[in-house]
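Please keep the sequence and the model side by side while reading, since the paragraphs below move from the whole chain to its sheets and then to single residues.

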Amino acid sequence: MKRVGVLVSGRGSNLQALVAAAREGRLGGEVAVVVSNVAGAPALDKAQAAGVPAVVCDHRGKPREEHDRSMLGVLNDHGVELVCLAGYMRLLSPVLLGAMPHRVVNIHPSLLPAFPGLDAQRQAWEYGVKVAGATVHLVEEPLDAGPIVMQEAVSVQADDTPESLAGRILEAEHHLYPRAVRVLLGGRWRLEGRRFVATARLTRGCVDVVTRPALEEKLRRGRPLTVKVGFDPTAPDIHLGHTVLMRKMREFQDEGHRVVYVIGDFTGMIGDPTGRSKTRPPLSREEIERNADTYKKQAFKILDPARTETRFNSEWLEALGSAGFVRLAATYNVARMLERRDFRQRYEAGQPISMHEFLYSLAQAYDSVALKADVELGGTDQLFNLNVGRDIMPAYGLEPQVVMTTPLLEGTDGVEKMSKSLGNYVGVAEAPADMYAKLLSISDELMWRYYVLLTGLAPSEIEEERSAGRPMASKMALARRIVADFHGADAAEAAETEWRRVHQERRTPSEVPTVRVPPGDHRPHELLARAGLARSRSDAVRLLRQGAVRRDGMAVGPAAELRLAPGASFVLSIGPSRFVRIEAEGGEGKDRGK
């Protein structure tokens with residue numbers, strides 16, 4: 001893992017932001033050491049509280065070069081690859097900068113090159129600017145003049161004071177600095193003269209990047225790009241397959257771009273024909289609105305809600321009106337629509353294609369027009385629709401968007417695309433223990449595809465894990481990481497403990513759903529169907545004949561009679577992950593397990 005050293009002189013609030021980002025996997029590395037030129041600086045206490053080594057290199061009475069040489073020794077001893085200044089109030093000499101060229105970075109509370117030096121927030125306020133902000137830049141001589149890595153703007157409000165403005169700029173710094181450090185640690189950047197350019201991370205893992213040079217040209221302009229991603233809420237929940245695309249959205253957010261999360265409430269009522277062999281029935285507005293509410297909540301498990309612009313495409317598509325739709329339809333022709341594979345196959349097979357299915361592609365494309373999108377992201381199955389947006393934009397006087405697609409994720413069966421209807425999905429809102437168990441069930445080969453698409457780890461880190469040759473340990477690490485992404489590290493640890501308890505120690509799970517039945521004798525196939533462990537009684541009989549059913553860990557045959565006294569209970573299980581407690585009514589459960 002890449003190692004970061006942080007130089008501090010004071011409070012260390014940006015140090016805390018970097019440490020938190022490292023702990024949550026957002027930094028792309030770890031904070032290896034904190035060095036202060038001031039004994040007793042509060043930042044040293046914050047470092048020690050976080051378990052990070054803290055070293056004092058007192059500058060008093062030492063020439064600047066000698067002091068920097070001592071700090072460089074500490075940084076080298078801790079294997080530091082990037083140095084971050086976080087409130088370090090002393091100029092660095094060529095001794096340190098020369099030893100670590102382009103590997104020392106600072107954050108400054110203004111939109112450089114405006115207001116360099118001390119008290120930049122007050123300078124901006126006194127000057128009367130309408131927009132202030134923060135800048136991360138590479139450290140070079142002279143002061144605050146190195147290449148700009150990333151910036152974030154902060155609007156100046158009418159009632160701002162220098163202190164209130166400084167407070168809001170500091171908040172911006174806390175999420176700007178980790179994003180910039182992640183780019184620097186990833187090595188996915190270059191200097192063109194004095195201009196800092198980062199592109200490779202944004203295209204890594206994409207299957208199609210239509211007009212890659214156009215993306216680089218847009219990035220060179222130095223302004224945040226508008227990145228559009230559309231989701232039709234046709235199902236109530238998001239699963240890990242959706243998050244492949246959302247992680248790419250987050251990467252654009254982390255590099256300071258404007259990400260617009262378009263919820264297709266209008267297009268969802270039309271119905272996406274992608275991959276359909278027949279006309280898809282549209283959903284009602286009530287279904288769409290209900291699903292959209294869930295989508296928004298679950299999406300923010302990946303996306304930063306503070307930096308996500310959520311829009312509903314009914315906002316502009318309903319306003320377009322019939323005349324506007326006619327003009328929109330005039331931008332495309334039927335021959336090009338029939339180039340789409342599923343349309344062509346249905347047409348050649350004599351199967352019906354409804355006109356509203358053509359309108360779906362055009363309506364989705366118009367989203368890009370309405371938002372003036374620079375980039376549109378989607379799954380590989382959406383490439384045709386995304387390119388329609390690119391094709392029609394010039395008709396509205398707009399520069400064509402860049403189209404980027406991410407791979408489709410196979411489900412836990414390793415064969416079909418992850419889908420709730422196929423039952424091979426892992427939902428982002430599932431209980432941690434359920435997520436963990438499902439991820440442990442995937443094949444060893446599929447595990448590495450999940451590492452690539454669901455973790456954000458660099459290829460070198462994944463290859464290091466793979467070459468260790470310990471597939472079970474790697475799979476457990478993958479499951480911990482993914483569960484932690486959605487539920488936190490403590491929940492991931494608890495899920496692993498529960499999995500070990502059930503699958504390695506062969507014990508009953510800590511929490512088992514209970515089904516209450518009348519006391520007396522019961523046939524096992526009837527209980528299995530009633531408890532939901534089997535789809536039907538005939539399915540239950542099949543499971544019993546296969547020896548898959550156990551009562552309190554002991555095999556149960558199809559001819560068995562299961563007796564329950566009032567208040568007694570036992571646990572029925574199928575395989576290693578499906579458990580239900582059967583409890584007889586009456587007796588308040590005093591004879592549990594009898």
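Two strands are said to pair if DSSP finds at least two bridges between them, and the strands themselves (E, at least two residues), like the helices (H or I, at least four residues), are DSSP runs numbered from the N terminus. With these terms in hand, one can begin in strand 15, where Thr406 has Gly379 standing opposite. The model is a predicted one, in which local features need pLDDT of at least 70 and side-chain atom pairs count only at pLDDT 80 or more, while totals for chains, interfaces and linings use all residues. Residues are numbered from 1 along each chain as its sequence is written, and side-chain values use heavy atoms, with hydrogens and water left out.

Strand 15 comprises residues 402-406, and 5 of its 5 residues are buried, where buried means under 20% relative accessible area, exposed means over 50%, and partly exposed lies in between (1.4 Å probe, protein chains only). In a regular strand the side chains alternate between the two faces of the sheet. Both faces of strand 15 are covered, with Val402, Met404 and Thr406 buried on one side and Val403 and Thr405 buried on the other. Strand 14 (residues 375-379) pairs with strand 15 in the parallel sense over 5 bridges, whereas strand 10 (residues 208-210) runs antiparallel to strand 15 and is joined to it by 3 bridges. Within strand 15, Met404 is the bridge partner of Val209.

Stepping back to the whole protein chain, one finds 23 helices and 22 strands, and a C-alpha trace that spans about 90 × 65 × 50 Å along its principal axes. Of the 594 residues, 48% count as buried. Contact here means heavy atoms within 4.5 Å, and among the contacts between residues at least 6 apart in sequence, 66% join residues at least 24 apart. The chain exposes about 27100 Å², of which carbon and sulfur atoms supply 51%; accessible areas come from the Shrake-Rupley method with a 1.4 Å probe, and for residues only the protein chains shown count as cover.

Turning to the N-terminal part, an open sheet of 7 strands has the order 3-2-1-4-5-6-7, with mixed pairing. Strand 3 (54-56) and strand 7 (148-155) stand at the edges with a single partner strand each, so one side of each is left without a neighbour in the sheet. From one strand to the next the twist averages 20 degrees. Helix 2 (residues 42-49) packs on this sheet, touching strand 1 (2-8), strand 2 (29-36) and strand 3, and its direction makes about 150 degrees with that of strand 3; axes are lines fitted to C-alpha atoms, for helices over the stretch in contact, and angles run from 0 to 180 degrees between N-to-C directions. Strand 6 (residues 131-138) pairs with strand 7 in the antiparallel sense over 7 bridges, and Val131 has Ser155 of strand 7 as its bridge partner.

Helix 1 (residues 13-23) is mostly covered, with 8 of its 11 residues buried, among them Leu15, Leu18 and Val19. The buried residues of helix 1 pack against strand 1, strand 2, helix 2, strand 4 (82-85), strand 5 (104-108) and helix 6 (162-186). Gly25, whose phi is positive and near 80 degrees, follows helix 1.

Another open sheet has 5 strands in the order 16-22-21-18-19, again with mixed pairing. Its edges are strand 16 (514-517) and strand 19, each with a single partner strand, so one side of each is left without a neighbour in the sheet. Helix 22 (residues 524-531) packs on the sheet and touches strand 16, strand 18, strand 21 and strand 22 (578-584), its direction making about 125 degrees with that of strand 16. Strand 18 (residues 549-551) and strand 21 (residues 569-574) pair in the antiparallel sense over 3 bridges, and Arg551 stands opposite Leu572 in strand 21.

Two residues of this sheet can be set side by side. Ser573, in strand 21, counts as buried because its relative accessibility is 7%; leaving aside its neighbours within four places in sequence, Ser573 is in contact with Ala548, Val549, Arg550, Arg578 and Phe579. Ala555, in strand 19 (residues 554-555), is exposed, with a relative accessible area of 55%. Not counting residues up to four places away in sequence, Ala555 touches Val549 and Arg550.
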